[in-house]
Amino acid sequence: MDYANRIICGPMVRISSLPFRLLTLEYGADVVFSEELIDYRLTQCVRVENDLFDTIDFVVPGEDRAMLQIHKTREKNHLVVQLGTSDGQRALKAAQLVEKDVAGIDINMGCPKKFSLQGGMGSALLDHPDKVKQILETLVNNLSIPVSCKIRCLPTIEATLSLVRVIATTGVHAITVHGRTRDERNNDQCREGFIQAIVQEHLPNIVIISNGGSTVISSYEDIEKFRLRCGPTHGVMLCQAAMWNPSIFRRQGLLPIRDVAKRFLEISLEFDNLLPNMKYVLQRMFGVADNEIEFYEKILATETEAELYDLFGMKNDYEQQSDEQRQMWREKLRNRLM
Ligand code: FNR
């Protein structure tokens, strides 16, 4: 897989599950990222072929739901798995478990959360170029698929460039640059000038992807405008804009959010997605949609999958699969590693 000239749906914890990723691919995303998976947790998983859904599942023994579920055909050559790590060997072990099922491995070097920082992961790595080099070189030298990383800006352009120059020596295929520092939040302005300075370095053989533009991206055309302002970069990664309305990837324009939500629910039915994930994703969509506050509250109030489907006028779709069928699926998943 080549990351150049791609529009990417980036990693989002609790959002980037299989049904959401498939939805964004349907609408036109070229590449999709998994949510960040912590390396040592992934290494506890067993790889299981799931014939019920045509997926490959990575499951912690004793747990019925997969930590990672990959569609064998629909995600082929499109899925990048993102890892949280502070150690090259541990990251390699996790990456090797999924290597033959994914198109690439990305390392999260941007997460500002306490959990990541305490573990020396995410944006803690930005202060340790030696560690960055060790992790990325270990992966590049031992994997057969492209390796990339996702960073945030450092407080100055010069400091950011000096980190990027180190990364460029490791042989990674791509760097995604989120145009904010570790202390900045998503409503702070994206530092497009920092990303532009990185592009102007003309580092050989490395794809630069701009990220952080969602608050100024509300149409397909805005994606290209952001890409041009940032360099132009070789690609763009969208996160919140995709979470608010996954049809942002459609060249033909945005679809009404209720239509998008229904398609999400249809795909969710196919893979027996559970209520908490469906509600989480739908709340993010409807929490920002115009004139949908009452409907948002109705979503919040649903207590069963049947109620949620009924709310969207999809009772028939839900009932087409019998409760027995669902029970059978869930029983089978529960028992597969016992
Ligand atoms: C994120 N972000 C994030 N980043 C990352 O590298 N790994 C992750 O798992 C997550 N999870 C996550 C969850 C949610 C709900 C949000 C909103 C964000 C950060 C994200 O990938 C991205 O860098 C920022 O949201 C900025 O890009 P946008 O949203 O302006 O396109």
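These are my notebook entries on a predicted model, covering its sheets, ligand shell, one helix pair and some backbone details.

**Entry 1: the barrel**

I began with the strand order. Eight strands close into a barrel, and I traced them as E1-E2-E6-E7-E8-E9-E10-E11. The pairing is parallel. I then looked up the twist. On average, neighbouring strands of this sheet are turned by 30° against each other, direction ignored.

I picked one strand pair for a closer look. E10 and E11 are joined in the parallel sense over three bridges. I noted one bridge there: Ile209 has Gly235 in E11 as its partner.

**Entry 2: the open sheet**

Next I went to the other strands. Three of them form an open sheet in the order E3-E4-E5, with antiparallel pairing. Which strands stand at the edges? They are E3 (46-50) and E5. Each has a single partner strand, so one side of each has no neighbour in the sheet. Neighbouring strands here are turned by 20° against each other on average, direction ignored.

I checked both pairings. E3 and E4 run antiparallel over five bridges. In that pairing, Val48 is opposite Asp57 in E4. E4 (residues 55-59) and E5 are also antiparallel, over four bridges. There, Phe58 faces Leu68 in E5.

I stayed on E5 to see where its side chains go. The strand covers residues 68-71. Leu68 and Ile70 point one way, while Gln69 and His71 point the other way. Are these four buried or exposed? All are buried. I note that E5 is an edge strand with a single partner, yet its residues on both faces are buried.

**Entry 3: the ligand shell**

I listed the surroundings of the ligand. There are 22 residues around it. Which of them come nearest? I found Met12, Glu36, Ser214, Cys239 and Gln240.

I sorted the shell by class. Eight of its residues are nonpolar, eleven are polar and three are charged. I also asked which elements supply the shell. Strand E2 (31-38) and helix H9 (240-244) each give at least two residues to it. E2 is also one of the barrel strands.

**Entry 4: H5 against H6**

Two packed helices are described by the angle between their axes and the distance between the axes. I looked up both values for H5 (residues 129-142) and H6 (residues 157-168). Their axes come within 9 Å and cross at roughly 25°. An angle under 35 degrees counts as roughly parallel, and H5 and H6 are therefore roughly parallel to each other. I recorded the crossing as right-handed.

**Entry 5: backbone oddities**

I scanned for a cis peptide bond and noted the one from Gly231 to Pro232, with omega near 10°. Pro232 sits in the loop between helix H8 (220-229) and strand E11 (235-238).

I then looked at positive phi outside glycine. Asn205 has a phi of about 55° and is not a glycine. I placed Asn205 in the loop between helix H7 (192-200) and strand E10 (207-211). Asn205 is exposed, with 8 other C-beta atoms within 10 Å.

Asn291 is also not a glycine, and its phi is positive at about 55°. Its loop runs between helix H11 (275-287) and helix H12 (293-301). How many other C-beta atoms lie within 10 Å of Asn291? I read 6, and Asn291 is exposed.

Terms used. Residues numbered from 1 in each chain as written. Predicted model: local features only at pLDDT ≥ 70, side-chain atom pairs only at ≥ 80, totals over all residues. Buried ≥ 20, exposed ≤ 12 C-beta atoms within 10 Å, placed from the backbone. Pairing = 2+ DSSP bridges. Near = placed C-beta within 6 Å. Nonpolar A, V, L, I, M, F, W, Y, C, P; charged D, E, K, R; others polar. Axes fitted to C-alpha atoms, helices over the stretch in contact; angles between N-to-C directions. Parallel < 35°, antiparallel > 145°, perpendicular 65-115°, else oblique. Left-handed = near helix turned anticlockwise from the far one by under 90°.
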